[in-house]
Structure formats: structure tokens, C-alpha cells
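Me: I have a structure to study and would like to work through it by question and answer. Can we begin?

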Amino acid sequence: MTVRVLIVDDQALFREALATLLEVQPEIDVVGEAANGEEAVRLCAELRPDVALMDLRMPVLDGIAATARLRAEQPGVRVLALTTFDDDEDVFAALRAGAVGYLLKDVSSTRLVEALVAAERGESVLQPSVAAKLVARVARLPAETPQQPATPLSERELEVVRLLADGRSNREIAKTLFLAEGTVKNLVTSVLSKLQVRDRTQAALRAKELGLF
């Protein structure tokens, strides 16, 4: 199984270089390119990619608005933000719009491929600096007494959620904890269920609120 990817970026040279880089990866099938968010929405409807690799600052329709439209109109397409900028407003706007991950353009090719595969599975992949911003924002929220989960997290699940907060993928968590990737996937599912959240980013934020790390 390969991940069908649509590359969305207003810089033609970058799109072409990225397509060349990804097309040689056996896990990836580049199905098209778009120069702005409006074109991306249209091509996603036509080409049905698994993941739209989305720049944020583009003409006509920017990446954040395009992400919101895709979430509403084509929820089966995962959006992975790939941008030069990691300022707070871009990060939080993209995640609120529905992006499942946020990477910077200096990411390695290996990490990018892993992120695309993870995004296709619905996993949230964050640049470590972005994960740190999310945790820092939670730390600045007014103090409350959040309700602890009905079933406490195990020690292994706590290790997993701490690594989620660092923006690690399942593969990276598996390597760090010397576990099978399938085991990590099961642990993440258990964490989401116990914390009563929908995704990995919310799990990290909820765990921080609860003082679990």
C-alpha cells in the first residue's frame, strides 16, 4: 500500500523538487501538484489523495483556509502542513483548521516520509518545536482541577504520552521504548480512550492538564 500525496505549494521549483524526492520513495505516490489552496481543494476532489502536503502562505486561498474547507468537504483527505514558519498563530490556526500534523521545510526526507505514512493512518505528527509550543500554551492556561481519567494510565502508557508530547511518531516511540510498532499503536489507542480525546495532540494536551508529565 502506498500513500497518495498531493503537493500544495505556490513555489513551482519547490513543488517539483519535492515531487522528485518523494517519487523515488516506495511508500509514496505523488498524484498531483497544486499552486494554491483553491486548486488544492479542486484537485483533492478529483484525485482523492490520502494526504495533502500543504504550505500555509499562498495566494488565492491560503493553506489554513484550504485545510478548513477540506475538513468540511473532504474529511477523508488528511492535511499535513509543511511550511517555513512556526510562529504561534500559524501553528494553532493550522491545527484548529484540521491539520493532522505540522512540519517545517528543513525536515529530513526520512522524517517527511514517516510523517506522510503516519498522517495517512490518522496519526498526528508535530515538529518538536511545535509540540513544545502546544505544551507551553497549556501551561499558561488558568489553573483548574481537571477530572482524572476513570482508569489510570499504566507506566508504559505514561511513557508513550510523554513521547507524544515531544511530537514523536509511532515508529520513533517504538524505537525509543524498544517495542513493536503495533504495540505502540495499541498503547496510543488505549491512551486516547482513557483520556477521552480524539487524537494524539489532544492526548498530549490533556495529559499536561492532568499533570501526568
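What follows is a set of questions and answers on this predicted model.

Me: Which residues touch the most other members of the largest nonpolar core?
Reply: This core has 26 residues. Helices α2, α3 and α4 each give two or more residues to the core, and so do strands β1, β3, β4 and β5. The residues that touch the most other members are Val-8, Ala-52, Met-54, Leu-70 and Tyr-102.

Me: Leaving aside neighbours within four places in sequence, which residues is Val-8 in contact with?
Reply: Set those sequence neighbours aside first. What remains for Val-8 is Ala-34, Asn-36, Ala-40, Leu-53, Met-54, Asp-55 and Met-58.

Me: How many residues are in the second, separate core?
Reply: Among the members of this second core are Leu-80, Val-113, Ala-115 and Leu-116. It is separate from the largest core, and its count is 23 residues.

Me: What covers the buried residues of α2?
Reply: Start with the buried residues themselves. In α2 they are Gly-37, Ala-40, Val-41, Leu-43 and Cys-44. Their cover includes β1, β2, β3 and α3.

Me: Which backbone nitrogen does a side-chain oxygen of Asn-36 reach at the start of α2?
Reply: The oxygen comes to within 3.1 Å of its partner. That partner is the backbone nitrogen of Glu-38.

Me: Which residue just after α2 takes a positive phi?
Reply: Look just past the end of the helix. The phi there is about 50°. The residue is Arg-48.

Me: Which element gives the most to the lining of the second largest cavity?
Reply: There are two cavities of 30 Å³ or more, and the second largest holds about 50 Å³ of space. Its lining has two nonpolar, two polar and five charged residues. Both α5 and α8 give two or more residues to this lining. The element that gives the most, with three residues, is α5.

Me: Is Arg-200 buried or exposed?
Reply: Arg-200 lies in helix α10. Its relative accessible area is 5%. Buried means under 20%. Therefore Arg-200 is buried.

Me: Which side chain makes a polar contact with the side chain of Arg-200?
Reply: Two partners are worth separating. The side chain of Arg-200 reaches the backbone oxygen of Arg-168 at 2.8 Å, but that is a backbone atom. The contact between side chains is at 2.5 Å, and the partner is Asn-170.

Technical notes. Residues are numbered from 1 along each chain as its sequence is written. This is a predicted model: local features need pLDDT of at least 70, side-chain atom pairs count only at pLDDT 80 or more; totals for chains, interfaces and linings use all residues. Side-chain values use heavy atoms; hydrogens and water are left out. A nonpolar core is a set of buried Ala, Val, Leu, Ile, Met, Phe, Trp, Tyr and Cys residues joined through side-chain atoms within 4.5 Å. Buried means under 20% relative accessible area, exposed over 50%, partly exposed in between (1.4 Å probe, protein chains only). Helices (H or I, at least four residues) and strands (E, at least two) are DSSP runs, numbered from the N terminus. Contact means heavy atoms within 4.5 Å. A polar contact is a pair of N or O atoms within 3.5 Å; within protein, one must be able to donate a hydrogen and the other to accept it, and residues adjacent in sequence count only if both atoms are side-chain atoms. On a 1 Å grid over the protein atoms alone, a cavity is a set of points where a 1.4 Å probe fits but cannot get out, and a pocket is an open set with protein on both sides within 12 Å along at least five of seven lines; lining residues have an atom within 4 Å of a point. Grid points are joined across faces, edges and corners, and a volume is the space filled by probe spheres set on the points. Ala, Val, Leu, Ile, Met, Phe, Trp, Tyr, Cys and Pro count as nonpolar, Asp, Glu, Lys and Arg as charged, and the others, Gly among them, as polar.
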